[in-house]
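User: Please take a close look at one part of this structure, the place where two chains meet. Keep it simple, as I am new to this.

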Amino acid sequence: MPAQGVWRSTVADAAVHPSDAARGTSRWRTVDIVVTAVLGVAFGVVFWAWNLLWAAVGTAFVAFPPGQAFMYGVWLLPAVLAPLVVRKAGAGLFAELIAAVVSALLGSAWGSIVLLYGLLQGAAGEAGYAVFGWRRYGWPQAVLSAALAGAMAAVLDLYNYYRDWTTGWMTTYTGLIVISSVVVAGIGGVALTRALAASGALSSFASGRTRV
Amino acid sequence: MIGPAAIRLAGWGFRHASRRAWAVRDVDLSVAPGERVLLTGTSGAGKSTLLRALGGLLEPESGDTAGELTLDGAPADRRRQQVGMVFQDPDSQLVMTRAGDDVAFGLENTGTPPERIWPAVDAALDAVGFTLGRDRATAALSGGEKQRLVLAGALAPRPGLLLLDEPTAQLDPEGAALVRATVVRAVADRSATLVVVDHDVESWLPLVDRVVELLPGGGTVEHPPGWRPAPLRLPARRPHPPGEQLLAALATGFTHRGSGTPALLPTDAELRAGRTLAVTGPNGTGKSTLALLLAGLRAPTTGTVRPGPALTAGLRRPDRPPHRWPAGELVQRIGTVFQQPEHQFLTGRVRDELSLGALRAGAGNATAARRAEELMERLGLALLAEANPFTLSGGQQRRLSVATALATSPPVLVLDEPTFGQDRETWAELVALLAAQQDGERALCLVTHDAAVVTALADDVLTLGRPVGVP
Amino acid sequence: MSAPLSLGPARPVPLSAVNPVAQLTAIVLVTGVLLISGDLVTPAVLLVVDLALVPAAGLGRPADLFRRTWPLLFSAAGVAWVNVAFGSLEGAAAWQSGATWALRVVALALPGVLLVAATDPVRLADALTVHWRVSTRFAYGSLAALRLVPLLAAEWESIRLARRARGVEAGGNPVASARLLSGTAFALLVGAIRRATRLATAMDARGFDSGVVRTNARGSVLRPLDGWFVAGAAAACAVAVTASVLTGAWSPVFS
């Protein structure tokens, strides 16, 4: 089993400038960068495993993509979750991009497509927080971010894969993905942030101290 | 600041912003350049806080400071570049995938020109005795080697002050010895002042010049040369006679899929009611693997694990080996305590954690709740009933982990490195707790590299040998 | 599932000689052209060029390439079928259209697969920070997090076993599976965030956040080969578009 200590020094948290978090500076501290990157990394590993699962199990879904749309939300979690945790401008884009990069580095068969998707989905999700000036990180922001990211994902899919579909199918597909995204990435993202805060893991961040 | 640093603390204290109690107070300390100091004290006395203050990692705004703390006359946060720090967990300190790159990391951060970096890296690797080369993958190093590399990284910028915060806490005895030897070698020329915090006081005593103890109420005590810490009071034990055989491993071995060398060579082991078996051996011999096999969490690739009649009673399919038992049946028969307690937490409340095991095994809500109360009383967790398990301290988490394994009263208890990462106080607590489980009916299996635990608790010892082909 | 323990090639392959930013530039060019194309010929030509580079990426044996790309190929076939099934076209036209999108998908994905097969993440970070002036804190902060991948993979396994030891197992029930998965993922996230926080402290203790301009011990150089590589990619795009126009198949997406 891997060796990992139960090093629980609250002083370590004090050392990573909590006062900055309290003041709400927009400058990214080292801990902001590394934790956002780690969120992306963790989800990248999940995506990679998920992609494999997809391809293996996906026969049914390949035949009926709208059926897989409802699981889309997980792909968009990093983009919505990272800003909720770290509360810095660009966190969603950064995390989603890292997740895509890790997924690609682990050998994703979708190569540059994954990178393209990561970049654009992340940017769309980021827009949801940008609209509020990157100052508020609550339910409305998360839901908007998730909806935008989901819409972008759907548009990318329709543009790249499903060009010949009838308008009816296109709308259905988009709708399903946006719903999935809002439920899993938006609502799920807020719930996940709260659970993480309750576990004490977010003590270096403002999100760990204030209620959403 | 060139050369070793002088430290001076006068009436120094620190209090975190959100706390009422002072983490440290009334510290008066002077350390001459090149001296080696061991900092001791009970947990909570503020050793880590002091060390971080010396490293310039305590933000002045994050709390209140009293008194004065200077390194060579200037406050610590102005001297940060001249301080090298090493923490407990090597994997949370190594940044790059190749050894040389990691050592270069610190030098890159300070803007050292590239042509001066690599000679400094080679010098640092030499100073710590790291001979595996610059391109060695960091992921492939043992714990001791990783800490050695971290030390090289801390030494490369030629710091005047070297601070070590529990550098051996997560290492096995071999790795710990390696790190201590490396530190001695690195500061042999007294070019840096050394301050070490470590709970393994006895091992560091011959290597330092002074021992300073931080007192919990504030202030310090300087111990004279020849001082030894009070020996730990170990619980008195009365070994029980062996009862029936509960679990036997017969020539069980394990090889990872796709790997050439076996993780565990075919081994025999036996767990008898009322007896405690300690499994020891150097790193890489498969102790943890054996624990997983006995606990029914992995399937052996050779040999079998055979449960005795006491365990197979009541199984739906008694002919199946433990690794094929449904989890609900497994949890009633074999309890496992993992090295990292957090991996086993399932809920957001201590009380829920404790009732979960019983619920999983099919007991009703009322029974489960009663069991949870009982366990909390017995293991001193009553005050933490509503707390989130992830927020508990290391020692408390370990106790909770043991409690959850006991929730279903399994006849067999398997523990993987139960004293890993513990300081003196929690170590003693845990050993007492485990001794209390040796009630004459239960079989315990302790996988550990801690010789003191073996002495304190084991009735029988199984030592795994070095596998063939491993240097 | 066992995650590979190292990211990037074990040893350099011929394609590694090309600087990562040159490869990225080439990818951007090719991707751009493919995204606006809507015909069969453009992706076909670019795919031929990609396949010619496959041996240089160390994937010369068909088995290697297949192992890396089979989910993609599978899905591409699916894409073709789906467009036929749910599409607004009929008969042969539908299949040709479907084949177009499928081929485009493969042509879009393959350059990224080649890049990953030929590039070490550290070299990529060095190239990005030196030539494209990407923020060093973000690049090397990401690298530090990336180093944790094998550790996270091992922890996932340990958490899964720890949960079985607590009596929690998936069985066949999909709802239980989903809950187990999310519980395991949560525990993994908590551990990952904690570890990342400690890592950030250690990096700051080594002067990462000091505000001093970082130097790069390894450096990154651009050579004539890199220029030729990008020029070659541009030429390939030109050839593809020209061929498409000449065969009358060219139909950009916007028309």
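Analyst: Here is a walk through the contact between chain C and chain A.

This is a predicted model: local features need pLDDT of at least 70, side-chain atom pairs count only at pLDDT 80 or more, and totals for chains, interfaces and linings use all residues. Residues are numbered from 1 along each chain as its sequence is written, and chains are lettered from A and ligands numbered from 1 in the order in which they are written.

Chain C puts 68 residues into the contact and chain A puts in 52. Two residues are in contact if their C-beta atoms, placed from the backbone, lie within 7 Å. On the chain C side, six helices each supply at least two residues: H1 (20–36), H3 (62–86), H4 (91–118), H6 (136–146), H7 (149–165) and H8 (174–205). Helices are DSSP runs of H or I, at least four residues, numbered from the N terminus. H8(C) gives the most, 16 residues.

What is this side made of? It has 45 nonpolar, 16 polar and seven charged residues. Ala, Val, Leu, Ile, Met, Phe, Trp, Tyr, Cys and Pro count as nonpolar; Asp, Glu, Lys and Arg count as charged; the others, Gly among them, count as polar.

Now zoom in on A:Val34. Not counting residues up to four places away in sequence, A:Val34 touches C:Gly141, C:Ala144, C:Ala145, C:Ala196, C:Leu199 and C:Ala200.

A:Val34 also belongs to the largest nonpolar core, which has 285 residues. Such a core is a set of buried Ala, Val, Leu, Ile, Met, Phe, Trp, Tyr and Cys residues joined through C-beta atoms within 7 Å. Buried means that 20 or more other C-beta atoms lie within 10 Å of a residue's own, with C-beta atoms placed from the backbone. A:Val34 is among the residues with the most contacts inside this core. H4(C) brings the largest share, 15 residues.

Conventions: Buried ≥ 20, exposed ≤ 12 C-beta atoms within 10 Å, placed from the backbone.
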